[in-house]
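The following note sets out several points on the pocket and the ligands of this model. The points are numbered for ease of reference.

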Amino acid sequence: MKMECRLGCGACCIAPSISSPIPGMPFGKPAGMRCVQLSSENHCLIFGQPERPNVCSEFSPELDVCGNGSEEAVFLIRRLELETS
Ligand code: SF4
Ligand code: SF4
């Protein structure tokens with residue numbers, strides 16, 4: 001089910017591995033590592049900019065993935081990644 005992104009959640013910028021280059025992380029990032037473009041308030045610092053990886057722009061918040069809070073989202077995203085790896 002589609003939902004609005006929770007402002008300040010940031011789970012999808014920490015939990016998954018990202019294989020595309022991110023400014024400051026030329027080889028992407030491993031699972032569980034905070035993206036360097038995630039601000040301390042958990043906002044994307046390159047939102048809307050062309051350098052933002054497509055995988056980030058294409059991700060749309062779903063209740064199944066984002067859960068009811070960022071801790072639940074980290075758990076769900078991690079599980080999803082392990083299941084699909
Ligand atoms: S996990 Fe979902 S709610 Fe949290 S920041 Fe990402 S898209 Fe938004
Ligand atoms: S580039 Fe932005 S949206 Fe993508 S993982 Fe990093 S902080 Fe999140």
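**Note on the pocket and its ligands**

1. In this predicted model, α3 is the largest contributor to the lining of the largest pocket, giving 5 residues. The helix α3 spans residues 70–84, and α1 (54–58) and α2 (63–66) likewise supply at least two lining residues each.

2. The volume of the largest pocket is about 890 Å³. Its lining comprises 36 residues, of which Cys12, Cys13, Arg52, Cys56 and Phe59 are the closest to the centre.

3. As to class, the lining of the largest pocket consists of 25 nonpolar, 8 polar and 3 charged residues. Cysteine counts as nonpolar in this scheme.

4. Where does ligand 1 sit? Ligand 1 is placed in the largest pocket. Around ligand 1 are the cysteines Cys5, Cys9, Cys12 and Cys66, together with Arg6, Gly10, Ala11, Phe59 and Pro61. This shell divides into 7 nonpolar residues, 1 polar and 1 charged. By the classes applied, Gly is polar and Arg is charged.

5. Ligand 2 also sits in the largest pocket. Its surroundings include the cysteines Cys13, Cys35, Cys44 and Cys56. The other residues around ligand 2 are Ile18, Gln37, Leu38, Ile46, Arg52 and Pro53. By class, 8 residues of the shell around ligand 2 are nonpolar, 1 is polar and 1 is charged.

6. The ligand shells may be read together with the pocket centre. Cys12 and Phe59, both around ligand 1, are among the residues closest to the centre of the largest pocket. Cys13, Arg52 and Cys56, which lie around ligand 2, are also among those closest to that centre.

Technical notes
Residues numbered from 1 in each chain as written. Chains lettered and ligands numbered in written order. Predicted model: local features only at pLDDT ≥ 70, side-chain atom pairs only at ≥ 80, totals over all residues. Heavy atoms only, no water. Near = heavy atom within 4 Å. 1 Å grid on protein atoms, 1.4 Å probe; cavity = no way out; pocket = protein on both sides within 12 Å on 5 of 7 lines; lining within 4 Å. Sits in = over half its atoms within 2 Å of the grid points. Points joined across faces, edges and corners; volume = space filled by probe spheres on them. Helix = DSSP H or I, 4+ residues; strand = E, 2+ residues; numbered from the N terminus.
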